[in-house]
Amino acid sequence: MVAGWFAGDGDGFHLLGTRCSACASVFFPREDGFCRNPGCPGGDLNEVPLSRRGRIWSYTDSRYRPPSPYVTDPELSWEPYALIAVELESERIVVLGQTVPGVSTVDLAVGMEVEVVPGVLNEDEETTWTTWHWRPTGVTA
């Protein structure tokens, strides 16, 4: 888990961003140092929960094992997964993420509504690394 990027569980799960008090720009991943808006004089950056829903802006799939320096076990089978860019409803920013397991590019369309849900990035005997996934609304899995 990346600390400060998401919080909650179930229906309360949401991504965390920051909003500039001077220009109202919203950032994800969060920004804690300075406002990234080049036209802003700068303001306080406050943590805000981001919209749980948005619409697919674009999508693709990942059908290959990542190259070095990413660590993968060549002995394990590789499972392709879909990646989608989602424009959040209120913030009008685009956030990239994986779909929930079982949803592939054939199940997706630009403009389709999706919601953010908790997911597992990887796990072993000692640790479960959590992340977020995007799930088409109306799908329970």
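Biologist: How much accessible surface does the chain have, and what percentage of that surface belongs to carbon and sulfur atoms?
Modeller: This is a predicted model, and the values below are computed from it. The accessible surface comes to about 8,700 Å². Carbon and sulfur atoms account for 51% of that area. Along its principal axes, the C-alpha trace spans about 50 × 35 × 30 Å. Of the 141 residues, 34% count as buried.

Biologist: What makes up the secondary structure of the chain?
Modeller: It comes to zero helices and nine strands. Along the sequence the pattern reads β-β-β-β-β-β-β-β-β. Among contacts between residues at least 6 apart in sequence, 52% join residues at least 24 apart.

Biologist: Why is His133 called buried or exposed?
Modeller: The relative accessible area of His133 is 5%. Buried means under 20%, so His133 is buried. The residue sits in strand S9.

Biologist: With which residues is His133 in contact, leaving aside its neighbours within four places in sequence?
Modeller: The list for His133 is Gln98, Thr99, Val100, Pro101, Glu115, Val116, Val117, Gly119 and Val120. A contact requires heavy atoms within 4.5 Å. In the case of Val120, the C-alpha atoms of the pair are 8.4 Å apart in space, with the two positions 13 residues apart in sequence numbering.

Biologist: How do you know that the side chains of Arg53 and Glu115 meet in a salt bridge?
Modeller: The N to O distance for Arg53 and Glu115 is 3.5 Å. The cut-off is 4 Å between a side-chain nitrogen of Lys or Arg and a carboxyl oxygen of Asp or Glu, so the pair qualifies. Arg53 is in strand S5 (residues 53-62) and Glu115 in strand S8, 62 residues apart, so by position the pair links distant parts of the chain.

Biologist: Which accessibility class does Glu115 fall into, and why?
Modeller: Glu115 has a relative accessible area of 8%, so it is buried. Arg53, at 33%, is partly exposed, because that class lies between the 20% and 50% limits.

Biologist: How many salt bridges does a search of the whole structure find?
Modeller: The search finds eight. One of them joins Arg30 and Glu47, with an N to O distance of 2.7 Å. Arg30 lies in the loop between S3 and S4, while Glu47 is in strand S4, 17 residues apart. Glu47 is partly exposed, with a relative accessible area of 48%.

Biologist: What makes Glu87 and Arg92 a salt bridge?
Modeller: Their closest N and O atoms are 3.0 Å apart. That value is within 4 Å, so the pair meets the criterion. Glu87 is partly exposed at 25%, whereas Arg92 counts as exposed at 58%. Elsewhere, salt bridges that share partners join Arg53, Glu113, Glu115 and Arg135 into one network.

Biologist: What is phi of Arg92, and where does the residue lie?
Modeller: Phi of Arg92 is near 60 degrees, a positive value in a residue other than glycine. The residue lies in the loop between strand S6 (81-88) and strand S7 (94-99). Most residues other than glycine have a negative phi, which is why a positive value gets listed. Ala24 also has a positive phi, of about 70 degrees, although it is not a glycine. Ala24 is found in the loop between strand S2 (14-20) and S3. At 46% relative accessible area, Ala24 is partly exposed.

Biologist: Why is the peptide bond from Phe28 to Pro29 called cis or trans?
Modeller: Omega of this bond is near 0 degrees, and the bond is cis. Most peptide bonds are trans. Pro29 lies in the loop between strand S3 (26-27) and strand S4 (45-49).

Biologist: Which residues form a negative surface patch?
Modeller: The patch consists of Glu123, Asp124, Glu125 and Glu126. Asp and Glu count as negative, so each of these residues carries the sign required. A member must also have over 30% relative accessible area. Glu125 has 80%, so it passes that limit and counts as exposed. Glu125 is located in the loop between strand S8 (113-123) and strand S9 (128-136).

Biologist: How far apart are the mean positions of the positive and negative charges of the chain?
Modeller: They are 9 Å apart, taken over 10 positive and 20 negative charges.

Note on methods: Residues numbered from 1 in each chain as written. Heavy atoms only, no water. Patch = residues over 30% accessible without salt bridge, like charges linked within 9 Å, V, L, I, M, F, W, Y side chains within 5 Å. Areas by Shrake-Rupley, 256 points an atom, 1.4 Å probe, with all protein chains shown as cover. Charge placed at Lys NZ, Arg CZ, Asp CG, Glu CD. Helix = DSSP H or I, 4+ residues; strand = E, 2+ residues; numbered from the N terminus. Buried < 20%, exposed > 50% of the residue type's maximum accessible area, 1.4 Å probe, protein only.
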